[in-house]
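Student: Please put the model up. I would like to go through its packing and its ligand site.

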Amino acid sequence: MSTSTDPVVELTNGAVAIAGRPILRQIDLTVRSGEFVALMGANGSGKSTLVRALTGLWPLATGSLRLFGTPFDAFDDWQRVGFVPQRGGATSGVPASVWEIVASGRLTRRRLLRPLGRADRVAIDDALEVVGLADRAREGVASLSGGQQQRVLIARALAGEPELFFLDEPTAGVDLPNQQVLADTLEIMSGRGSTIVLVAHELGPMAPLIDRAVVMRDGRVAYDGPPLASVDVATAHLDGHHHHHHHEPERHDHAPHVSSLIEGEHR
Ligand SMILES: Nc1ncnc2c1ncn2[C@@H]1O[C@H](COP(=O)(O)OP(=O)(O)OP(=O)(O)O)[C@@H](O)[C@H]1O
């Protein structure tokens, strides 16, 4: 287990190029155990590419990456890492039940060709409980709403009991009541000590949960620090309401309003 100050993600001077075009440049990003980090920025600013680079789905052109203190090339403990992809594609047209999709999240934990054991079933049931879909387990995923399908994908990651979660825009296209349910799910995960890196264009009901905002702009980190956009967030921090630990966020010399950075990037 990691303790609350251990870095779980450390990227130094990271760069990514796609087809010869620089997409990410000079990225320094450290995420510590238990942190809840929102990766923000306009469309095309590089959020998804950064998450792919941090999980090894895109190669780094330059830079050094460590996961749980281990250099990326030597890292093989992938059951500690959960990835929740953007919805669309992942569940569309798949004639699987909610339970089957969530159960597939145990594959990284199971030994090959062994039937599901008691620990697997407990983890699957718990994951369904956390996302509030225990009563829908036998239904086909296609019959669920977009927000519910997103919760199935989160439950699939949860079933593997990772310590570090990457979520790519879980609330995109999800209506406000379902965004609140997603936020409740993330609050439970964070309360259990999970480290969360959340890609989000807007935070909505997730805003009070965030420890730190990293704002991407044109392939670089434009801001890394407290989520300044909302006064409510600052109050929640002072209350300690959602806080499980404290850390000193890195602040750049000029810390502009987060929302102005994001709005300024719209095309
Ligand atoms: N497979 C690809 N081939 C070519 N260019 C790509 C590819 N993937 C991403 N890009 C480019 O890289 C840049 C960053 O894209 P990325 O998807 O990381 O941004 P984003 O901030 O996640 O945006 P969005 O909110 O739209 O997902 C964009 O200019 C995009 O066009």
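**Helix packing, core and ligand shell**

Tutor: Helix 3 and helix 4 pass in a right-handed crossing (the near helix is turned clockwise from the far one by less than a right angle). Helices are DSSP runs of H or I, at least four residues, numbered from the N terminus. This is a predicted model: local features need pLDDT of at least 70, side-chain atom pairs count only at pLDDT 80 or more, and totals for chains, interfaces and linings use all residues. Residues are numbered from 1 along each chain as its sequence is written.

Student: At roughly what angle do the axes of helix 3 and helix 4 cross?

Tutor: Axes are lines fitted to C-alpha atoms over the stretch in contact, and angles run from 0 to 180 degrees between N-to-C directions. Helix 3 spans residues 118-130 and helix 4 residues 146-159. Their axes come within 8 Å and cross at roughly 145 degrees.

Student: Which residues of helix 4 meet helix 3?

Tutor: Contact means C-beta atoms, placed from the backbone, within 7 Å. Helix 3 brings Ala 123, Ile 124, Ala 127, Leu 128 and Val 130. From helix 4 come Ala 155, Leu 158 and Ala 159.

Student: Which helix gives the most to the largest nonpolar core?

Tutor: Such a core joins buried Ala, Val, Leu, Ile, Met, Phe, Trp, Tyr and Cys residues through C-beta atoms within 7 Å; buried means 20 or more other C-beta atoms within 10 Å of a residue's own. The largest has 66 residues, and Ala 127 and Ala 155 are among those with the most contacts inside it. With seven residues, the top contributor is helix 4.

Student: Where does the largest share of the shell around the ligand come from?

Tutor: The ligand is surrounded by 13 residues, each with its C-beta atom, placed from the backbone, within 6 Å. Among the closest are Lys 47, Ser 48 and Thr 49. The largest share, three residues, comes from helix 1 (residues 47-54).

Methods:
Helices (H or I, at least four residues) and strands (E, at least two) are DSSP runs, numbered from the N terminus. Two residues are in contact if their C-beta atoms, placed from the backbone, lie within 7 Å. A residue is buried if 20 or more other C-beta atoms lie within 10 Å of its own, exposed if 12 or fewer, and partly exposed in between; C-beta atoms are placed from the backbone.
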